[in-house]
Every structure is written in C-alpha cells, then in structure tokens.
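Good morning. I will go through one structure today, starting with a single residue and working outwards.

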Amino acid sequence: MKVKVAAIGKLKSGSAYELVCDYRDRIKGIGKSVGVTDFQSIDWDAPKSLDGLVRQQKEAAWLQETTTSSIKKIVLDERGKALSTAEFSNLFGGWIDAGISESAFLIGGADGHLAETRQAADLTLSLGALTLPHLLARVILVEQIYRVCTVLAGHPYHRV
C-alpha cells in the first residue's frame, strides 16, 4: 500500500521537518516488510491572503489533488475517532491485507476541513482531545504510521 500524508502548512526546515524526514526514512525501511510500498509527505503553504470558507475551499482543492476515488481517505479532525495504537495497527494492517493500494492522511489548515471533506472520508481520525499545532500533529501522525509498521513487523519499537 502506498501511504501519503498531505497537509496544509509547509515544512521547510527545523526540528519538525527533520523528525518527519527521519520517520519517513524509517517507514520506507521497515514498511516494505509489512506491505507499505511507498511513503510520501506532501504539503502546501497556507493561503495567507484568504480566510474562512474561501480559505478552506482552496485548501480542500489542494488536498483533493492528492486523492482519487479508489484511495482510502483518512481526514484528521478533532471530531474524529481516537484510536489506540493497537486499534490503529489492526485497522492499518487490515487495509494492507484487504489489498488497499493507496491511502492518504489529510491534515487541513488552521480553519479545519470543509464538512464535505470530512463526509467524503473513509475515516475521520483524531489524535486526541488536545489542540496541536499542525506541524506537531504531522510529526505525531508520521511517528504513529512508523509505529504501526513496527507493530505489524513484530519489531520491538512498540512495547505494550
């Protein structure tokens, strides 16, 4: 399964960028052993000249560019379902076992996702009740994808 993280908010440099790159490389290393054939992180600068609904519509159009009708769409949203690592691992492993060829995790901008984007998702996922900066949410998501790969591979990174 190809895995994408598509996010509003450009990662240019700094610690968040370095962590995403580190986990990306780790996913590419261990992922092949569990059926993750590729991993990409795609991002766009937030449209600073726009706000509100117009901004959300522009961001939604960018995020839609990364998906097709056959792709598994996971929207990160505070109203989403909070999963344990074990639950996330089972779900992710199930997608691989079912032959899902591609998945995309969509992280919206500061104003969040359009209702239409959330409704079109196969899963709306919450990283918890805390409000997180988008850059940090991306690091946490990519680390969790790596963690899931290690769980599926039987690697000792995740200890229960």
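**Rings, core and empty space**

W95 counts as buried, at 8% relative accessibility. Please keep in mind that this is a predicted model, so every value I give is computed from that model.

What does W95 pair with? W95 forms an aromatic pair with F92. A pair of aromatic rings is described by the distance of the centres and the angle of the planes. For F92 and W95 the centres are 6.1 Å apart and the planes make an angle of 50°, and this pair is tilted. Both residues belong to helix α3, where they are 3 residues apart, which puts about one helical turn between them.

F92 has another ring partner, F88. The whole structure holds 6 aromatic pairs. In the pair of F88 and F92, the planes stand at 70° with the centres 6.1 Å apart, so the pair is edge-to-face. The cut-off for that word is an angle over 60 degrees. F88 and F92 are 4 residues apart in helix α3, which covers residues 85–97, and here too the separation is about one helical turn.

Are these two rings buried or exposed? F88 counts as buried at 5% relative accessibility, and F92 is buried with a relative accessible area of 0%. The limit for buried is under 20%, so both values qualify. Ring pairs also bring in F105, and the resulting cluster consists of F88, F92, W95 and F105.

Now from the rings to the core. In soluble globular proteins, nonpolar side chains tend to be buried together. The largest nonpolar core in this model has 30 residues. Which of them touch the most other members? They are V3, V5, I27, V36, F92, F105 and I145. F92 and F105 we have already met in the ring cluster.

Where does this core come from along the chain? At least two residues each are supplied by β1 (2–8), α1 (15–31), β3, α3, β4 (102–107), β5 and α5. The largest share, 7 residues, comes from α5. One distance fits in here: F92, in helix α3, has its C-alpha 7.5 Å from that of V148, although the two are 56 residues apart in sequence.

There is one more contact with a ring to mention. The charged end of R26 sits over the ring of Y146, at 5.3 Å from the ring centre.

Next, the empty space. Rolling a probe the size of a water molecule over the atoms shows where empty space is left. The largest pocket holds about 420 Å³ of space. Its lining is made of 22 residues, and those closest to the pocket centre are L76, D77, E78, L132 and H134. Two or more lining residues come from each of β3 (72–82), β5 (123–126) and α5 (134–153). β3 gives the largest share, with 4 residues. By type, the lining has 10 nonpolar, 8 polar and 4 charged residues.

How many cavities of 30 Å³ or more are there? A search of the whole structure finds 1. The largest cavity contains about 30 Å³ of space. Q56, E59, A60, L63, G112, H113, L114 and T117 line this cavity. Helix α2, residues 52–64, contributes the largest share of the lining, 4 residues. The lining divides into 3 nonpolar, 4 polar and 1 charged.

Finally, two lysines. K73 is found in strand β3, and K32 lies in the loop between α1 and β2 (38–44). Which one is buried, and which exposed? K73 counts as buried, at 11% relative accessibility. K32 counts as exposed, at 57%.

The two also come with a C-alpha distance each. K73 and A121 are 48 residues apart along the chain, and their C-alpha atoms are separated by 5.0 Å. For K32 and L135, which are 103 residues apart along the chain, the separation is 26 Å.

To finish, please go back to F92 in the picture. F92 pairs with W95, pairs with F88, and is among the core residues that touch the most other members. That is the end of my part.

Technical notes
Residues are numbered from 1 along each chain as its sequence is written. This is a predicted model: local features need pLDDT of at least 70, side-chain atom pairs count only at pLDDT 80 or more; totals for chains, interfaces and linings use all residues. Side-chain values use heavy atoms; hydrogens and water are left out. Rings of Phe, Tyr and Trp (its six-membered ring) pair if their centres lie within 6.5 Å; planes under 30 degrees apart count as stacked, over 60 as edge-to-face and the rest as tilted. Buried means under 20% relative accessible area, exposed over 50%, partly exposed in between (1.4 Å probe, protein chains only). A charge sits over a ring if NZ of Lys or CZ of Arg is within 6 Å of the ring centre and within 35 degrees of the ring normal. On a 1 Å grid over the protein atoms alone, a cavity is a set of points where a 1.4 Å probe fits but cannot get out, and a pocket is an open set with protein on both sides within 12 Å along at least five of seven lines; lining residues have an atom within 4 Å of a point. Grid points are joined across faces, edges and corners, and a volume is the space filled by probe spheres set on the points. Ala, Val, Leu, Ile, Met, Phe, Trp, Tyr, Cys and Pro count as nonpolar, Asp, Glu, Lys and Arg as charged, and the others, Gly among them, as polar. A nonpolar core is a set of buried Ala, Val, Leu, Ile, Met, Phe, Trp, Tyr and Cys residues joined through side-chain atoms within 4.5 Å.
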